[in-house]
Amino acid sequence: MNQLQNGRYMSIEQMTNQYLDKTGKSKSTYVSQETGPSFRQILEEKQAQSEELRFSKHANERLASRNIQLSAEQRKRLSGGVDKASQKGIRDSLVMVDNMAFIVNVTNRTVITAVGEGDDKIFTNIDGAIIT
């Protein structure tokens with residue numbers, strides 16, 4: 001708490017006057033929004049980034065080792081499957097695209113692993129499945 005010179009505490013009015021000018025506006029100075037991107041621009045950028053589907057290091061290794069190639073159309077269907085899983089409240093999902101299976105952390109929009117044709121198809125720790 002702030003104290004006055006004579007050892008007494010400041011009143012609410014005195015503290016208010018310390019931080020507000022006579023018009024009731026704050027005396028503190030703010031950085032102008034013109035010096036950088038606006039809050040809205042930053043928010044929209046972050047939202048766009050969060051909507052992108054990411055692949056974990058493990059998933060990328062599995063795609064390479066199992067020679068799984070995703071076309072742009074298949075990636076779009078995979079992303080659409082993640083969107084559907086999110087709408088249903090699924091957190092960890094199996095998303096099937098053609099004959100490929102992907103385990104996806106829906107919350108983070110991150111593909112955890114990928115399984116192609118001929119691999120063992122045992123899936124654990126999922127709370128939903130989407131077939132696109």
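**Chat about a predicted model: a loop serine, a pocket and a patch**

Biologist: Where is the place of Ser56?

Modeller: In this predicted model, Ser56 sits in the loop between β1 (54–55) and α3.

Biologist: Is Ser56 buried or exposed?

Modeller: Ser56 counts as buried because its relative accessible area is 18%, and buried means under 20%.

Biologist: And how far is the C-alpha atom of Ser56 from that of Ile112?

Modeller: The two C-alpha atoms are separated by 5.6 Å, although Ser56 and Ile112 are 56 residues apart along the chain. Ile112 also appears in the lining of the largest pocket.

Biologist: OK, the pocket then. What volume does the largest pocket have?

Modeller: Its volume comes to about 170 Å³, and the residues that line the largest pocket include His58, Arg62, Ile112, Asp119 and Phe123.

Biologist: Which elements give two or more residues to that lining?

Modeller: Those elements are α3 (57–65) and β4 (110–115), and β4 gives the most, with three residues.

Biologist: How do the lining residues divide into nonpolar, polar and charged?

Modeller: The lining of the largest pocket has five nonpolar residues, three polar ones and four charged ones.

Biologist: Switching to the surface: which residues form a nonpolar patch there?

Modeller: The patch is formed by Met15, Tyr19 and Leu20, which together have about 260 Å² of accessible area. Met15 belongs to helix α1, which covers residues 12–19.

Biologist: Why is Met15 called partly exposed?

Modeller: Met15 is called partly exposed because its relative accessible area is 31%, and that class lies between the 20% limit for buried and the 50% limit for exposed.

Conventions:
Residues numbered from 1 in each chain as written. Predicted model: local features only at pLDDT ≥ 70, side-chain atom pairs only at ≥ 80, totals over all residues. Heavy atoms only, no water. Patch = residues over 30% accessible without salt bridge, like charges linked within 9 Å, V, L, I, M, F, W, Y side chains within 5 Å. Areas by Shrake-Rupley, 256 points an atom, 1.4 Å probe, with all protein chains shown as cover. Salt bridge = Lys/Arg side-chain N within 4 Å of Asp/Glu carboxyl O. Helix = DSSP H or I, 4+ residues; strand = E, 2+ residues; numbered from the N terminus. Buried < 20%, exposed > 50% of the residue type's maximum accessible area, 1.4 Å probe, protein only. 1 Å grid on protein atoms, 1.4 Å probe; cavity = no way out; pocket = protein on both sides within 12 Å on 5 of 7 lines; lining within 4 Å. Points joined across faces, edges and corners; volume = space filled by probe spheres on them. Nonpolar A, V, L, I, M, F, W, Y, C, P; charged D, E, K, R; others polar.
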